[in-house]
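Let's walk through this assembly together, beginning with how its strands meet and ending with how its chains are arranged. Please keep the viewer open as you read.

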There are 6 protein chains.
Amino acid sequence: MKSVVTFGEIMMRLSTPGFGRFVQAGSLNVNFGGGEANVAAAVAYLGIPARHVTRFPANEWGYAAAAAYRRYGVDTSGIVFGENERIGVYFLETGAMLRSSKVLYDRAGSAFATLDPSGFDWEALLADAQWFHFTGITPAISATAAQACLQAVQTANRLGITVSADVNSRKNLWQWGKTSAEVMPELVAGCDLIVCGKGDAEELFGITELKGEDKGFISICKQIQERFPRVKKILTTKRGSVSATHNTLMGRCWTGQELLQTTTYDMMPMIDRIGGGDAFLGGFIYGTLTYQDDQKALDFATAASALKHSVEGDFSLVSVPEVEAIMHGETTGKLSR
Amino acid sequence: MKSVVTFGEIMMRLSTPGFGRFVQAGSLNVNFGGGEANVAAAVAYLGIPARHVTRFPANEWGYAAAAAYRRYGVDTSGIVFGENERIGVYFLETGAMLRSSKVLYDRAGSAFATLDPSGFDWEALLADAQWFHFTGITPAISATAAQACLQAVQTANRLGITVSADVNSRKNLWQWGKTSAEVMPELVAGCDLIVCGKGDAEELFGITELKGEDKGFISICKQIQERFPRVKKILTTKRGSVSATHNTLMGRCWTGQELLQTTTYDMMPMIDRIGGGDAFLGGFIYGTLTYQDDQKALDFATAASALKHSVEGDFSLVSVPEVEAIMHGETTGKLSR
Amino acid sequence: MKSVVTFGEIMMRLSTPGFGRFVQAGSLNVNFGGGEANVAAAVAYLGIPARHVTRFPANEWGYAAAAAYRRYGVDTSGIVFGENERIGVYFLETGAMLRSSKVLYDRAGSAFATLDPSGFDWEALLADAQWFHFTGITPAISATAAQACLQAVQTANRLGITVSADVNSRKNLWQWGKTSAEVMPELVAGCDLIVCGKGDAEELFGITELKGEDKGFISICKQIQERFPRVKKILTTKRGSVSATHNTLMGRCWTGQELLQTTTYDMMPMIDRIGGGDAFLGGFIYGTLTYQDDQKALDFATAASALKHSVEGDFSLVSVPEVEAIMHGETTGKLSR
Amino acid sequence: MKSVVTFGEIMMRLSTPGFGRFVQAGSLNVNFGGGEANVAAAVAYLGIPARHVTRFPANEWGYAAAAAYRRYGVDTSGIVFGENERIGVYFLETGAMLRSSKVLYDRAGSAFATLDPSGFDWEALLADAQWFHFTGITPAISATAAQACLQAVQTANRLGITVSADVNSRKNLWQWGKTSAEVMPELVAGCDLIVCGKGDAEELFGITELKGEDKGFISICKQIQERFPRVKKILTTKRGSVSATHNTLMGRCWTGQELLQTTTYDMMPMIDRIGGGDAFLGGFIYGTLTYQDDQKALDFATAASALKHSVEGDFSLVSVPEVEAIMHGETTGKLSR
Amino acid sequence: MKSVVTFGEIMMRLSTPGFGRFVQAGSLNVNFGGGEANVAAAVAYLGIPARHVTRFPANEWGYAAAAAYRRYGVDTSGIVFGENERIGVYFLETGAMLRSSKVLYDRAGSAFATLDPSGFDWEALLADAQWFHFTGITPAISATAAQACLQAVQTANRLGITVSADVNSRKNLWQWGKTSAEVMPELVAGCDLIVCGKGDAEELFGITELKGEDKGFISICKQIQERFPRVKKILTTKRGSVSATHNTLMGRCWTGQELLQTTTYDMMPMIDRIGGGDAFLGGFIYGTLTYQDDQKALDFATAASALKHSVEGDFSLVSVPEVEAIMHGETTGKLSR
Amino acid sequence: MKSVVTFGEIMMRLSTPGFGRFVQAGSLNVNFGGGEANVAAAVAYLGIPARHVTRFPANEWGYAAAAAYRRYGVDTSGIVFGENERIGVYFLETGAMLRSSKVLYDRAGSAFATLDPSGFDWEALLADAQWFHFTGITPAISATAAQACLQAVQTANRLGITVSADVNSRKNLWQWGKTSAEVMPELVAGCDLIVCGKGDAEELFGITELKGEDKGFISICKQIQERFPRVKKILTTKRGSVSATHNTLMGRCWTGQELLQTTTYDMMPMIDRIGGGDAFLGGFIYGTLTYQDDQKALDFATAASALKHSVEGDFSLVSVPEVEAIMHGETTGKLSR
């Protein structure tokens, strides 16, 4: 089977054990994560070949980060290693009750941020690919990261590979001189599928709900498609927050014709809040390639995402039979012998 | 006081820490457990002498397993040690939310499965006993285990000792040539009390609800008693599953005359799902020997079982005052100083 | 800014990891705690200078206990170290579901219990103070502790320093010859603010609700003020217990004129039940000194206390911006990046 | 086989993990230990019935301490449980290099110290015994402990049971009014075998080396036997200290006729320094009962003690085949498959 | 570069933490290991493509075992997954001082033991290979494992691929009907290089030192080469055992002309005794392919093996620069910044 | 007593547990450390007031780092907190045998490196000081750090405060445009005491041994004093490296008149290699202020340093009585009860 290829930064994730606060920490759990790489890991765990492309420092942490993804089946042969740089780090403190989980980034000057676009031979990296995925975080990192991302999208378009993006607008990440609204439209223009919520649409494209026949999200989706004719599907999730460890989750997909949605999952206690969106898109890629049915793909995606919230770490370590059982309504967590 | 004697396999329990998945495990917690032995441990912790009979390999794990039960007061002097064999293992992954807890058995070829019935001198093992207990798992393990179990029941009957069984039908365990429906009736015929749900009754005895005056469980109990006149009481629990860590529990007892039941306990977060049924029966044995009142015994049993779900490991490490407080309605978990 | 000074015993807190029972413990987590010192720690973490006065044995545990408070900003220069004594210990087993958390005290003969009142130079210890706080536990420990406490209150009164007490009546602690009802009134007479619930009022002062215009708590507060004219504010919290890890919390403050109260917080899963009341008073001190508005002070206090229940250990490691966010309704625990 | 019975205090042992210092401790490992009980555990692990007699508080720690010994085969049925008391505690910090391991006692007011001698029915407790053992620590604890110990020795003498004592002189432990030199002689007079080094002999009996034919230890042993004619064998170990984790060990036995000694074991890295002497005497009891040969018994004892230094905790968890392999010179630690 | 391909069983390795004994274990560390797969991991970590071929159960442990090797760069695409079987387990207790480390095998009935030789397409599995390696353990497991191994060797010979074997004679492993002496010669006849000590040579081939010009190992090597003309090099290591954590190591290589040897490394404290031989051969493969100089290859191999003893787990996680530094005499472990 | 004031960067120290390699790490232990701050901690633990001056980011890690030093008695009131920056990190992998411990720095762009010299009011910071200490690492970090350091030295000189420096030449740290040889002389000119080895002297001052009467270190010291007349004492340590966990240590002090030296300590197993030099200087400061005897001060310093190698983390958690016992020859690590 052809590969799903993803591109983006991978960070070291250092999280306090249990519900400990940063200031109490005597040790930190080590994981690795990145929005795009997590999609590759999710897809690989579901049995579809996946390759992640990134840049690491040529030190033990770069090696360890690659190893972490390789462990769960991601092809890491396209990773570039640079000299004398650092790996980005994010610190995670897990919240409880009304205390929020907290992410503290320490990613400035990472090997990814300082990448040289000419270091990536996209023709070769995408040669055996059927799908290319990135997120709005990649172009936010640095001018060169944005440039490499654009080259990847353009190459994928030329090779006829499906392109998806989680537009994931985070204003405060954009520190290199341009805003997301200046950069993202050109990238989204090359996408076949995007994950994009209402807030993203307003921030990136200035698109808000129009008064008229179409309500809410449908109105927004139609405007996006008008502006970006290549975009055929628009996904989003609706997350309800009861407490730091109690959320609800529903998936939605605008197919160009209709707005599909799923059941709402109750998630309590969530074991890990991070990577839920990546599991959702990884699930949708699997579902699309497997079922050729948007509703089924969306159901699979949302079940996979809900299930992922029960797994510690960034990775969606959930298998096809497990997700399908959830899809089919086995959601009461009965002991399986 | 005379002893409660139990007979059955004890396995090594290797569980992932916290809510970790098997594939992530860097370490596994070590416990030991077995349905019958857990009843002995529950009873011993409640202050009644208890002895467990089983067969172990003569290696460190056999010794450690015996030590684990001895620690909490179970008399292990009746355990037989064989050469060159293994201890059965079960791996446990604790679920969360809609992800089920998962048990993976690795028990083939264990020292218990390969036991020689002549190795057990039941006259001696039951000499100071007042109660003998086994479960439907024991005869499922192997032909010789079934044979030893039958000899124990027959000896207990001859010595006038109360016999109980948790019939616990698990079809896929029966791999040695006979089915549970072929073997269990002869064993149940020697019982004074059984734990048996609707599904068990159908699978083992082909007994289903009759249309008529008696409804549901009562109808089934009456038929069981007709078939097995020695059986005087039939117990069952009704478990509701909201999620992997949120269950509800109610106990029921058919006394031959009436169907007693208890309040329903809300159990959230369950700390350990395993051994709840064993704590229930251990509690009922204690209650029966202490209160001479079926309702009180059932209330004690169900409170003990609910409380056990808050304790990690197979063992019901709950004391008489603690269970009685629950029985008397102290169920809000207020801090005790 | 002038200091908040507190006086009372600090114990070593040895708690089972996770939800383990005492009898299973292979290790115990080490923390330190004491009702008054916890108030100092809360206040210091919120940015107000705080000093705690106590007596420790001159051994490693005394040093470690002082270090634990110093770590979070408490001035420990007023601590007295004695010879050949022990530090008091309390063992904590964290409950789950309907199983209560359990505290087992082992504090007899501690360095604090055997203190010599002449060892504390209150003029010096309170020289730069604006607030003095103690609890009803301090005079319960021993005759000399009660005596030292009274000297502190009298010195504070003389120096014009605000005095507060959490009257915290625990009958079974009073083992040195007098009862709380004999000792506490003289101490409360020197207080400007007390934390005192209905049960405390009855036990310590024999005050119960009067039939008449004023209902419930208001009636009690008015009687307290009549008896103790210096007392200007009376605080209490209303805690609801659903299970060992699920409580609700509301704060109340009688201002002399009216009974203020807050929203009710739902706390699930509580990470640590201990120290909630200390965080409440620490928050009220901060709020009073900062806002000069009783309702705001009470809102801050209750939010701080709710938040504290999400932090392991006795200490209220919650910052001003975090508490203010809760005060302003951000209670759904959304991920903060 | 008849039992070995031991009598003495059991303490909770709280030790820092790894080589951590007390002041750094975030957790403490929980074990239980006591000089006499450790002998019982050693003997039981070697396959000889053993019973320990002591007094515990009737709380979870008393139960847990009994469970810890029962786990490894010690009969705990003779233990007395009292009300409202505490278990003694000793804190252990493991040294490294030139930094000593450190023991901090917190045992005042324990359930054992406050025992009532009439609570022990020695006739019954020694009914099936072949050997009674105590140490010089037991009478040091309190007057009543000394009294109970004397009653036990006298009963054993009357019943014709072998009596042994590790005289273990620790001056600073004797706080109840008498010195060891006042109390121990009467107890030693009832012993058949003692462990007693040169320092002990001087401190307890005022016996020092006489100038003459006999050198060193032999001279001392002869004087002891003259004074205490019942004493037939005198044991001691010679420990060399290179560093906190590197010791050497040799065993010696005066048989009344000659001074036997063993090879010197090099112990590096020692995993646990505590309980080495108890393992030595436990090994000697096993050896005496098994080999009827003093040299073999001494060789077994010393090998068992050396091996014990490789096991964490107070208990000598070493088996007969393991000790015999050491005895026979297999001391290079080759991997065993 | 072409691959190194290895074939053999991978087991789950469950080891006690620190120096804990099996009977004390509250948890076990999880690793995976197998003599041949460890060579693949060593080679891959040194930067040479490596593929391991084996058979696993199609359950989480099979997946996790493959993931463990994939993590460190081993190509796992040639692994076969079967149904309803188990993974072999070995338990490891780490010794200290004169207490040996202990391995307890529980590998009967594993997915590897029950393999079907027709499940392996050796033409395909070796298509891009330059080296094939197996050990004497593989044919010991079962008749079908021996058969598959022979097919692999014959295919490799036909394809002109270098073949190596660590003959590793373990008599008690051969339980399927034939002895190592009956099976191994045919396999060794297909080898270009073997690891074979004196004991192995006698046990497998009946070859012992001849009196004459050639001494010791040289005499044996010459006879082996006479019998097996394809064998061009014979390797062995000389291990000295001071204690369980203190060994010495020297490497030897008979080149057909001369006996090369290395410096002797002092290894104290050894962190992990397992996998030292696999690191040695992995290092020799790397050295041979890199240096084309037997002495250098041997020096690299021995340095890699010594270094491996400092790494926990079966895997030789040591890099080329690290090994080369040791080769060049940097053996004093100075802090590297 | 007047304070010892130190100035320099504090980093977060993230170390692998036990002897784990970076690539294996599932968690990292959290400590904080910095060469100058460690001296402050050592001095404070020995009972002398100490203040550390540095700059931290105004986030949880800055707060936690300050708390870590405050815990052990260091006055952190002079620390400056900046916005939007990071704390420097160093990763530590503990070596074993011939595998070196490894430090991986990630300190670029830290809050300290980007400090503004005008943020430090040295007149105030040194107002109550008797000693100021820095190391050659501080001016290596950045131009502004070098500038602030020079201002501190000049202020101290003006106020008549003793100034010491550990010149600690690390060429590869100097990345901001100047070399150590360009910057250090001006700083050393203001020092009364320096720690300076042969290599440092050559690298920083171009001073090498002169042929003539004076040998080795003495020759170098005399030249240093000629060049820097304020320097009255020159210290150094002589470390021998047997393996990663086995070193030897001797201290030397040139007093201007003679070269004093100490006994050589054997350190095995070293628990922590980091911070040994800081403990040495901290000890020397204590010794100088206490004994007014250079040999005693040097003996204390070296004993303190040796002892520190037994303590995990950067901090010298060793007390005066402990160090004095080592000084007096109690170096065999005998159990202390």
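Two strands count as paired if DSSP finds at least two bridges between them, and the elements named here are DSSP runs, numbered from the N terminus: helices (H or I) of at least four residues and strands (E) of at least two. What you are looking at is a predicted model, in which local features need pLDDT of at least 70 and side-chain atom pairs count only at pLDDT 80 or more, while totals for chains, interfaces and linings use all residues. Residues are numbered from 1 along each chain as its sequence is written, and chains are lettered from A and ligands numbered from 1 in the order in which they are written.

A good place to start is strand β3 of chain A, residues 27–33. Strand β3 of chain F covers residues 27–33 as well, and three bridges join it to β3(A), the two running antiparallel. Within that pairing, A:S27 stands opposite F:N29. β3(A) also has a neighbour from its own chain: strand β2 (residues 11–15) of chain A runs antiparallel to it, joined by five bridges. Here A:L14 has A:V30 as its bridge partner. Five of the seven residues of β3(A) are buried (20 or more other C-beta atoms within 10 Å of their own, with C-beta atoms placed from the backbone; 12 or fewer would be exposed, and in between partly exposed). The strand is therefore largely enclosed by the rest of the structure.

Now step over to chain F. Strand β2 (residues 11–15) of chain F is joined to β3(F) by five bridges, again antiparallel, and F:M11 stands opposite F:G33.

Put these strands together and you can trace an open sheet of eight strands, in the order β8(A)-β7(A)-β2(A)-β3(A)-β3(F)-β2(F)-β7(F)-β8(F), with mixed pairing. At its edges are β8 (102–106) of chain A and β8 (102–106) of chain F, each of which pairs on one side only.

Chains C and D contribute to another open sheet of eight strands, ordered β8(C)-β7(C)-β2(C)-β3(C)-β3(D)-β2(D)-β7(D)-β8(D), also with mixed pairing. Its edge strands, β8 (102–106) of chain C and β8 (102–106) of chain D, have a single partner strand each, so one side of each is left without a neighbour in the sheet. In chain D, five bridges join strand β7 (residues 89–93) to β8(D) in antiparallel fashion, and D:Y90 stands opposite D:Y105.

Next, look at how the chains touch. Between chains A and B, 21 residues of chain A are in contact with 21 residues of chain B, contact meaning that the C-beta atoms, placed from the backbone, lie within 7 Å. On the chain A side, β15 (265–267) and α10 (294–308) are the elements that give two or more residues. Chains B and C are likewise in contact, through 21 residues of chain B and 21 residues of chain C.

Finally, consider how the copies are related. A rotation of 120 degrees with 0.0 Å of shift along its axis superposes chain A on chain B, with an RMSD of 0.0 Å, by least squares on the C-alpha atoms of residues with pLDDT of at least 70 in both. The two copies are thus related as by a three-fold rotation axis. Only 5% of the interface residues of chain A are also interface residues in chain B, so the copies meet through different surfaces.

Definitions and conventions:
Two residues are in contact if their C-beta atoms, placed from the backbone, lie within 7 Å.
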